[in-house]
Each structure stands twice: as C-alpha cells, then as structure tokens.
Amino acid sequence: MSDTTKKRLKFAGKLLFVCLLLGILYYSFRDSMGDMLTELANVSPQVVMSLFLTVILYHIFEGHITWLIVHKTHPEYPRWKGFCNAFYCSFYKTATLGSGSGIAGIYYLNKAGIPVPNATGMYFFQYIAHKVSMAVYSLLLFLATYGFIHASFADYQCYILLGFAGVCVIAGVLLAVATVPWMQTACNLLANRFRAKHPSWEEKLTGAGHKLALLQAESLSLLKDPLLLLRLFLCNLLKFTSWYILPWFVFSGSSATGDLPFTALQCFSMTALSQSLAGVIPTPAGIGSVEAVFVLLFRRLLPEAKALSAVVLYRFDTMLLPCAIGAFFVLGEKISSFRRKKATTDGYDS
C-alpha cells in the first residue's frame, strides 16, 4: 500500500470518526435544535463583527509569537510573514482535521528562507509554548473563580480536577521532552526496542529521533532568553483571551448582561475549561470534545438552546472562519510559487 493511499485512508477514518461524534451530539441535543436555530437567527450584527475581530486578533498574536521565535536567530524574518503563517496553518488544520498544521507551518517557514531543521524545532517549540500557556492560563482562571466553579459544578468537580491533572501532565511531558537532555536518551532507548520488534518502522523512528534532537537544540537556545519566554507567555494569554471572550459577546448580546448567571471572568473560566479539558480527549482537531464539554458546562446555567448556539458560533470562529480566510493565503502562496517556477523556467529557456 502506497503512502498516499495510507494518508487518504487515515483522513477518511478521521472524517468518519468526526461525523460519528457530531452525529452523537446531534442525537443528544436534537430536541433543542429548533430553538438553537432561532437563537442563531437572532444573532446581532455586533456579535457577527466580533467573530471577525476575534479571528484577526488571534492570528495577529499567533503570528507575533511565530515572529518572536524566528526573529531570535533570523532577524531578517518580517512580522507580516508570521501573520500569514498563522492563517496558512489554520487552513490546513481544518482541511486536514488537525494533522497538517505542523507540516504547513514548517513548509511556510522554509519558504521564507528558514532551513527545514530549524523550522521544525521552532514550530514544535511554539506548539509546546501554546500547550503550557493554555494549561497555566486555565489553571489561573480556575483558581480565580474557584468559588463559582465549586458552587455551580460540585458534582463535576472530581472530573474537572482529573481533567486538569491530565492537562498538566501533557504540558509537563511536552516541556520535559523539549528541555530535559536525558529525555532524548530515554526516547532513543525506547525507539531501539521498537526497531527490534518492528523493523519496518526504522525510517519513522529515525525521523522522530532527529526531530527530537532539533527540538531540544532549538528549545535550549530559546530558554536562555527569559524576556523572550515572558513575551511568548503574555502573547499566548492575549491570543487565548481573544477566543475565550467570544461566548461572553454571544451571551451578553442576546440578553441583558445583568440577567446572566455569571460574570465575564466566570464565562472566560468556563470557556477555558472547555478548551483545556477537551484537549485531554483524543479527537481530531478537538472536534466533538470541545462541543461536548462546552455544552455540558454552560447548559447547567443557561437554556440548552443558548449554549448550543454559542458553541456553534465558537466553532465557526475558531475553525471554519480562519480556514476560509486562510484559503486566500494558501492561494496566494500557490500563485507565488507558480510565478517563481515560471520565472526560473523562463530564465533557463533564455
């Protein structure tokens, strides 16, 4: 079986899995679908504008994070390239259900003149900074609103704490893999065992070991700059806030703010919980898991139809709209690549 066929089968499997999850969600909340559509039909123009604003803000911060990491060793890398890279990755994240985002980011950095080995380490370090910052931000919001969370979700509290433990473990392992030297030795020993049992995995295991070495080299270089780490952390907080604020816009835009059973900070906290806890559930691009956790939390305090309409808009804002905008950046890159190839071919012909 060829690699192309394997990739297509893998994508088809992920697509079927996502459809199954969405089907389960629809079946679970089918009685509220009519009311949800009514809620969506009454979305105010201000909320629609906030969808576009939050998408732009998120990708400005994400692009700035990319620029901060790349600029450390490649000062010629322009800021606007980081912004384009953010939308470029968003397109492939949705189009491939999560698996193509990393490859797209490395490819785009390479097109900007960053060698593939360096681009690989940079992208993985950015991903780890994203995960660690999300875990820390969610924990801070959880602690700041603990009284409200405890009073509203007392029967879910053990699951929330268990989910947080999973989030912290994932973030800790990623951070250790990127920074602790003996982790590379341990991973190599584990890879050698797999090689003995599965010789056909030789190429993949060798590639993974090479990427880990690149990641540690890049990470150790970046960790020597505390100011850079602080900037990355603050940019990630601003990036997450630009999305976490969206449900508050939706809820406050469809009712009097005083009628809501939570404050803006408490709404942030629940949205952050939804995003973080869903990351523990292994679904493609978080599809299905985010929706389930989001609705599970907000339906305790609001009508189910309102919670469903908010999660639909949240998903549109965090996946579909960035993908649609990113398509123009991908198209622009394809056109630029075609022109460069054509110019090169014409140069050889002349």
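**A walk through an all-helix model**

Ile-103 is exposed, because its relative accessible area of 63% is over the 50% cut-off. This residue sits in helix α5. Thr-120 is 17 residues away from Ile-103 in sequence, and their C-alpha atoms are 8.6 Å apart in space. The model shown here is a predicted one.

Step back to the whole chain. It holds 15 helices and zero strands. Of its 350 residues, 44% are buried. Take the contacts in the chain with a separation of 6 or more: 76% of them join residues 24 or more positions apart.

Return now to α5 and its partner. Helix α5 covers residues 101-111, and helix α4 covers residues 79-95. Their axes come within 8 Å and cross at roughly 150°. An angle over 145 degrees counts as roughly antiparallel, so α4 and α5 are roughly antiparallel to each other. The crossing of α4 past α5 is right-handed. On the α4 side, the contact is made by Lys-81, Cys-84, Asn-85, Tyr-88, Cys-89, Tyr-92 and Lys-93. On the α5 side, Ser-101, Ala-104, Gly-105, Tyr-107, Tyr-108 and Leu-109 take part.

One of the α4 contact residues is Cys-84. Cys-84 is buried, because its relative accessible area is 10% and the cut-off is under 20%. Cys-235 also counts as buried, at 10% relative accessibility. How many disulfides does a search of the whole structure find? The search finds zero.

Just before α4 comes a loop. It runs between α3 (45-71) and α4, and Thr-73 is placed in it. Thr-73 is partly exposed, with a relative accessible area of 36%. Leaving out residues up to four places away in sequence, Thr-73 touches Met-122 and Glu-218. Ile-114 is 41 residues from Thr-73 in sequence, yet the C-alpha atoms of the two are 9.7 Å apart in space.

A second helix pair is next. Helix α6 covers residues 116-144, and helix α11 covers residues 226-244. Their axes come within 9 Å and cross at roughly 65°. Here too the crossing is right-handed, with α6 passing α11. From α6, the residues that meet α11 include Phe-125, Ala-129, His-130, Met-134, Tyr-137 and Leu-141. Among those they meet in α11 are Leu-229, Leu-232, Phe-233, Leu-237, Phe-240 and Tyr-244.

Tyr-244 leads on to the interior. Beyond its neighbours within four places in sequence, Tyr-244 is in contact with Met-134, Tyr-137, Ser-138, Leu-141, Phe-268, Thr-271, Ala-272, Gln-275 and Tyr-314. Tyr-244 also belongs to the largest nonpolar core, which has 45 residues. Which of its members touch the most others? They are Ile-149, Ile-160, Tyr-244, Phe-251, Phe-262, Leu-273 and Phe-298. Apart from this core lies another, of 24 residues. Its members include Met-122, Ile-128, Ala-178 and Leu-212. In soluble globular proteins, nonpolar side chains tend to be buried together.

The last stop is helix α12, residues 246-253. Why is α12 described as largely enclosed by the rest of the structure? Six of its eight residues are buried, so the description fits. The buried residues of α12 are Leu-246, Pro-247, Trp-248, Val-250, Phe-251 and Ser-252. Of these, Phe-251 has appeared above, as one of the members of the largest nonpolar core that touch the most others.

Methods. Residues numbered from 1 in each chain as written. Predicted model: local features only at pLDDT ≥ 70, side-chain atom pairs only at ≥ 80, totals over all residues. Heavy atoms only, no water. Disulfide = S-S within 2.5 Å. Buried < 20%, exposed > 50% of the residue type's maximum accessible area, 1.4 Å probe, protein only. Core = buried A, V, L, I, M, F, W, Y, C linked by side-chain atoms within 4.5 Å. Contact = heavy atoms within 4.5 Å. Axes fitted to C-alpha atoms, helices over the stretch in contact; angles between N-to-C directions. Helix = DSSP H or I, 4+ residues; strand = E, 2+ residues; numbered from the N terminus. Parallel < 35°, antiparallel > 145°, perpendicular 65-115°, else oblique. Left-handed = near helix turned anticlockwise from the far one by under 90°.
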